Amino acid sequence: MINRLSDSLDFQAQALVLRSERQRLIASNIANGDTPGYVARDFDFARALRDATSAQTAPGAPVAGTAAMRAHTTLRYATPSQTNLDNNSVDMDRERAAFADNSVKFEATLRFINGGVRTMLDAMKSHNQG
Amino acid sequence: MSMFRIFDVSGSAVSAQSQRLNVVASNLANADTVAGPDGQAYKARQVVFRTELMGAGGTLGADASAGVRVSTVTEDTTPGRRVHDPKHPGADGDGYVTYSNVNAVEEMVNMISASRSYQNNVEVMNTAKTLLLKTLQMGS
């Protein structure tokens with residue numbers, strides 16, 4: 001019972017780490033919106049999360065560390081949507097949309113974790129404690 | 001927590017953009033400067049940005065957080081505007097006054113672009129701050 005809850009928490013924690021990584025990556029893209037020659041980067045979140053969690057689903061397997069996650073998360077380079085004289089491939093509209101999307105999903109993951117913790121705490125309470 | 005790096009990244013971008021605004025301000029202030037006794041008028045300046053990788057941390061490795069730095073400030077070498085005005089105290093022997101080579105329209109556009117980028121990065125920092133504060137309250 002308790003390890004089902006902690007498995008779910010583990011999964012959400014991995015998702016949260018990857019979300020924060022993606023947030024940092026998009027922040028870098030936005031910061032370099034005016035840098036000549038900069039190429040925008042991103043990673044496939046679904047694939048990264050699948051790879052990061054499948055590495056540790058085997059029972060008794062050690063928790064996938066950052067090294068294992070690094071091997072799975074490959075950065076992709078954005079193709080420019082419009083040609084640009086200074087070879088900068090940051091599309092500010094796309095990056096801002098991705099940033100907002102990632103923030104909302106980061107917060108959603110946080111709420112899932114909080115919900116899981118609350119459920120676990122409720123389950124631990126005895127019935128006469130209210 | 002690699003989210004803290006966002007403040008380094010966006011902070012460097014904000015500082016680079018403010019340096020760009022500073023250069024634009026000095027260009028605009030000198031838009032009507034005439035050549036001094038040496039015959040050289042003010043030359044417009046432009047900042048050149050470059051990416052600066054900001055240290056280790058996180059699962060994506062060091063190169064995932066890319067900040068911005070002003071690598072050089074270049075001077076525009078095009079000759080300044082020359083106007084025939086023999087009565088002007090700054091006129092040369094032929095009666096021409098050399099003004100600076102600042103293009104005011106270009107500078108205004110540059111200023112708008114810099115201010116938008118500045119706002120973008122401030123917003124990124126605000127969002128990161130909100131998310132981090134919510135992370136701190138996790139489990140409550």
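The radius of gyration here is taken over C-alpha atoms, and the globule rule is 2.2 Å times the number of residues to the power 0.38. For a compact globule of 140 residues that gives a value near 14 Å, but chain B has 22 Å. Along its principal axes, the C-alpha atoms of chain B fill a box of roughly 80 × 25 × 20 Å.

A word on the source. This is a predicted model, where local features need pLDDT of at least 70, side-chain atom pairs count only at pLDDT 80 or more, and totals for chains, interfaces and linings use all residues. Residues are numbered from 1 along each chain as its sequence is written, chains are lettered from A and ligands numbered from 1 in the order in which they are written, and side-chain values use heavy atoms, with hydrogens and water left out.

Now the layout of chain B. Helices (H or I, at least four residues) and strands (E, at least two) are DSSP runs, numbered from the N terminus. Chain B has 2 helices and 4 strands, in the order α-β-β-β-β-α along the sequence. Of its 140 residues, 36% are buried; buried means under 20% relative accessible area, exposed over 50%, and partly exposed in between, with a 1.4 Å probe and protein chains only.

Next, salt bridges. Side chains of opposite charge can pair when their charged atoms come close. The rule asks for a side-chain nitrogen of Lys or Arg within 4 Å of a carboxyl oxygen of Asp or Glu. By this rule there are 14 over all chains.

Two examples come from chain B. B:E52 and B:R69 meet at 3.5 Å, N to O. B:E52 lies in strand β1 (residues 45-53) and B:R69 in strand β2 (residues 66-75), so the pair ties together parts 17 residues apart in sequence. B:E52 is partly exposed at 28%, and B:R69 is partly exposed at 35%.

The other example is B:R82 with B:D92, at 3.6 Å, N to O. B:R82 is in strand β3 (residues 82-84) and B:D92 in the loop between β3 and β4 (96-98), so this pair ties together parts 10 residues apart in sequence.

Which parts of chain A does the pair A:D101 and A:R22 tie together? The bridge itself has its closest N and O atoms 3.8 Å apart. A:D101 lies in helix α4 (residues 92-124) and A:R22 in helix α1 (residues 2-31), so the pair links parts that are 79 residues apart in sequence. A:D101 is partly exposed at 31%, while A:R22 is buried at 10%. Both belong to a network of salt bridges with A:D42 and A:K105.
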